[in-house]
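Q: Please take a close look at one helix of this structure and at its surroundings. A formal, connected account for a reader new to the structure would be welcome.

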Amino acid sequence: MVEQVVVGGGLAGLASAWHLARRGCEVVVLEAREPGHDGASSHGRARMTRSTYGSPLYVDLVREALDRDWPELEAQSGESLIRPVPAVFFGPPTGLFGAFRRATLDAGVTDLEELSPGSARERFPALGIRRTDGVLLDGTGGVISADRTIRVLRERVREAGVEVRTEAPVTGVSRGSRLSLTVGGEHPGELEAQRILVCAGACTARVLPEVSCIVPRRQVVGYAAPGDPDAPSVNWARLDEGLVYGLPAHAGDGAKMAGHRLTGPADDPTVRMPVTHEETLALRRTLGPALRSVPTLARVETCLYAVTKSEDPVLTQLDDPRISVLAGLSGHGFKLGPLLGRIASRVALGEGSGVAAFDVNRARFGLRR
Ligand SMILES: Cc1cc2nc3c(=O)[nH]c(=O)nc-3n(C[C@H](O)[C@H](O)[C@H](O)COP(=O)(O)OP(=O)(O)OC[C@H]3O[C@@H](n4cnc5c(N)ncnc54)[C@H](O)[C@@H]3O)c2cc1C
C-alpha cells in the first residue's frame with residue numbers, strides 16, 4: 001500500500017508531491033500523460049505574476065507566494081524562475097477596473113502607481129489606453145518561466161524520492177474500507193493507498209464526480225512574431241466587461257495575448273480541437289479595444305482552464321478525509337502553484353494550512369459554492 005498517491009502531474013500535483021515528500025511521506029504521482037503536456041493547463045513558456053486582483057485574498061496569497069514559496073523553489077534549484085516585468089492594468093474607472101484598483105490598494109500593495117492616461121499612453125504606446133481610462137502600474141509584476149518551473153519541480157520531486165508514473169491514467173477510485181485506484185495506460189492495475197490527493201486539473205470531475213464545480217474551458221491564445229513593434233513589451237490587462245491580457249516576448253516566444261473565457265458551454269478536456277479560422281478572427285476582435293494596433297498573430301494555440309464559477313480553486317479534504325483535492329486553478333493559478341502545493345500537503349494530512357489568508361477564507365476553497 002502506498003502512503004500518499006497524487007493524481008495528476010501538472011504544476012499543482014508536482015508542487016504538492018514535493019511538499020508531501022519533504023514532510024516524510026512516501027508519495028507516488030500518477031500522471032495520465034507527461035508532466036506539463038500540451039493538452040492540459042501547465043504547458044508553454046510564460047505565465048504572468050502580479051498583485052493586482054479584484055479580491056484582497058489573492059493579493060495576500062500572491063504576497064505569500066512571492067515572499068516565500070518562489071524564492072524557496074529558486075534557492076533549492078539554483079535557478080531564477082521569475083523575470084521582473086511591470087504589469088499595466090487599465091480600463092474604464094467604474095466596473096471591473098475600479099474593483100481591482102480598490103481591492104489592491106486596500107490590501108496595501110505599496111509597489112503600485114496610479115498613472116494619468118496621458119502619461120500611460122506615452123510610456124506604453126502599444127496599449128489601447130483611452131483618455132478616460134484609469135491606469136495602474138503594478139511594480140510587483142513578472143514573467144514566470146513556466147516550462148522551467150515544471151522541469152525544476154520534476155527534479156525536486158525526484159530528488160525527494162517521489163515516484164512519478166507517466167502514461168498512468170486513473171480511471172476510478174474505490175472508497176470502501178480499503179482505498180484504491182484503478183490505473184489504465186501502459187501499466188494497468190489496482191493501487192491501494194492510505195490517502196489520495198487529486199490534482200487532475202480540468203479532468204478532476206472525471207476522477208471525483210462530486211467535484212462538479214470545476215468546469216473545463218478551452219482558451220485560444222495568440223503570439224505575435226518575436227520583435228513585432230506593435231506588441232507590448234510589458235505585462236498588461238484591460239479590465240472592462242471581462243479581462244483581456246498579454247505578456248511580453250519571452251524565451252524565444254513572441255508576445256502572448258488572449259481574452260479570459262469564463263462562460264459558455266463546458267469543453268471536453270480529453271478532445272484536442274484545432275483552432276479554427278473563426279476563433280482566430282474572434283481573438284483579434286477581443287484584442288482590438290486593448291491594443292493600439294493588433295499585431296499579426298504568428299501562432300495561435302489552445303490551453304485548458306479548469307475553472308470554478310468564482311475562479312477560486314478547490315483546495316479541501318472531502319467528506320471522506322482520506323481524499324483531498326487541489327484543482328480548478330483557473331487562468332490565474334500558476335503564480336500561486338508552489339504556495340497551493342504547500343497548503344495542499346497540509347490539508348491532505350488533516351492539518352491547518354499555516355497560511356492565515358487561506359484559513360480565514362477556507363469556505364471559498366470548498367465544494368459548496
Ligand atoms: C491560456 C492560459 C494562460 C494562463 N495564464 C496564466 C498566467 O498568466 N498567470 C497565472 O498565474 N496562471 C495562468 N494560467 C493558469 C495556470 O497555468 C493553471 O492554473 C495551472 O497550470 C494549472 O495547473 P494544474 O496542475 O492544476 O493543472 P494541469 O496542468 O492541467 O495538470 C493536471 C494534470 O492531471 C493529469 N490528469 C488528468 N486526469 C488524470 C487522470 N485521470 N489520471 C492521471 N492524471 C490525470 C493531466 O494529464 C495533467 O497533466 C493560465 C492558464 C492557461 C490555460
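**Helix H1 and its surroundings**

A: Just after helix H1, Gly24 adopts a positive phi of about 95°. The model examined here is predicted, and helix H1 covers residues 11-22. At 1.5 Å a residue, the 12 residues of H1 should span 16 Å, and the 17 Å between its end C-alpha atoms agrees with this.

Is H1 enclosed or open to its surroundings? Of its 12 residues, 11 are buried, so H1 is largely enclosed by the rest of the structure. The buried residues run through Leu11, Ala12, Gly13, Leu14, Ala15, Ser16, Ala17, Trp18, His19, Leu20 and Ala21. A residue counts as buried here if 20 or more other C-beta atoms lie within 10 Å of its own.

The buried residues of H1 pack against several elements: strand S1 (2-7), strand S2 (27-30), helix H5 (146-159), strand S12 (189-198), strand S19 (323-327) and helix H8.

The last of these partners, H8, comprises residues 337-348. The 12 residues of H8 reach 16 Å from the first C-alpha to the last, close to the 16 Å expected at 1.5 Å a residue. H8 is mostly covered, with 11 of its 12 residues buried. Among the buried residues of H8 are Gly337, Pro338, Leu339, Leu340, Arg342 and Ile343. Gly350, just after H8, takes a positive phi of about 75°.

H1 also takes part in the surroundings of the ligand. There are 39 residues around the ligand, of which Gly8, Gly10, Ala40, Gly201 and Gly333 come nearest. The elements that give two or more residues to this shell are H1, strand S3 (46-49), strand S13 (215-224) and strand S17 (297-307). By character, the shell divides into 22 nonpolar, 13 polar and 4 charged residues.

S17 leads on to a further backbone feature. In the loop between S17 and strand S18 (314-317) lies Glu311, whose phi is near 65°, a positive value in a residue other than glycine. Glu311 counts as partly exposed because it has 18 C-beta neighbours inside 10 Å. Glu167, which is not a glycine, has a positive phi of about 50°. The loop that holds Glu167 runs between strand S9 (163-165) and strand S10 (170-175). Glu167 counts as partly exposed, with 14 C-beta neighbours inside 10 Å.

Strand S15 (residues 243-247) offers a covered strand to set beside the two helices: 5 of its 5 residues are buried. Leu243, Tyr245 and Leu247 are buried on one side of S15, and Val244 and Gly246 are buried on the other. S15 pairs in the antiparallel sense with strand S14 (residues 235-239) over 4 bridges, and Trp236 has Gly246 of S15 as its bridge partner. The hairpin formed by S14 and S15 has 3 residues between the strands. S15 is also joined by 4 bridges to strand S16 (residues 256-259), and the two run antiparallel. In that pairing, Leu247 stands opposite Lys256 of S16.

The whole chain provides the setting for these parts. The secondary structure of the protein chain comes to 9 helices and 19 strands. Its radius of gyration is 20 Å, close to the 21 Å that the globule rule gives for 369 residues, so the chain is as compact as a globular protein of that length. Of these 369 residues, 50% count as buried. Among contacts between residues at least 6 apart in sequence, 73% join residues at least 24 apart.

How values were computed: Residues numbered from 1 in each chain as written. Predicted model: local features only at pLDDT ≥ 70, side-chain atom pairs only at ≥ 80, totals over all residues. Near = placed C-beta within 6 Å. Nonpolar A, V, L, I, M, F, W, Y, C, P; charged D, E, K, R; others polar. Expected span 1.5 Å × (residues − 1). Rg over C-alpha atoms; globule rule 2.2 N^0.38 Å. Contact = placed C-beta atoms within 7 Å. Pairing = 2+ DSSP bridges.
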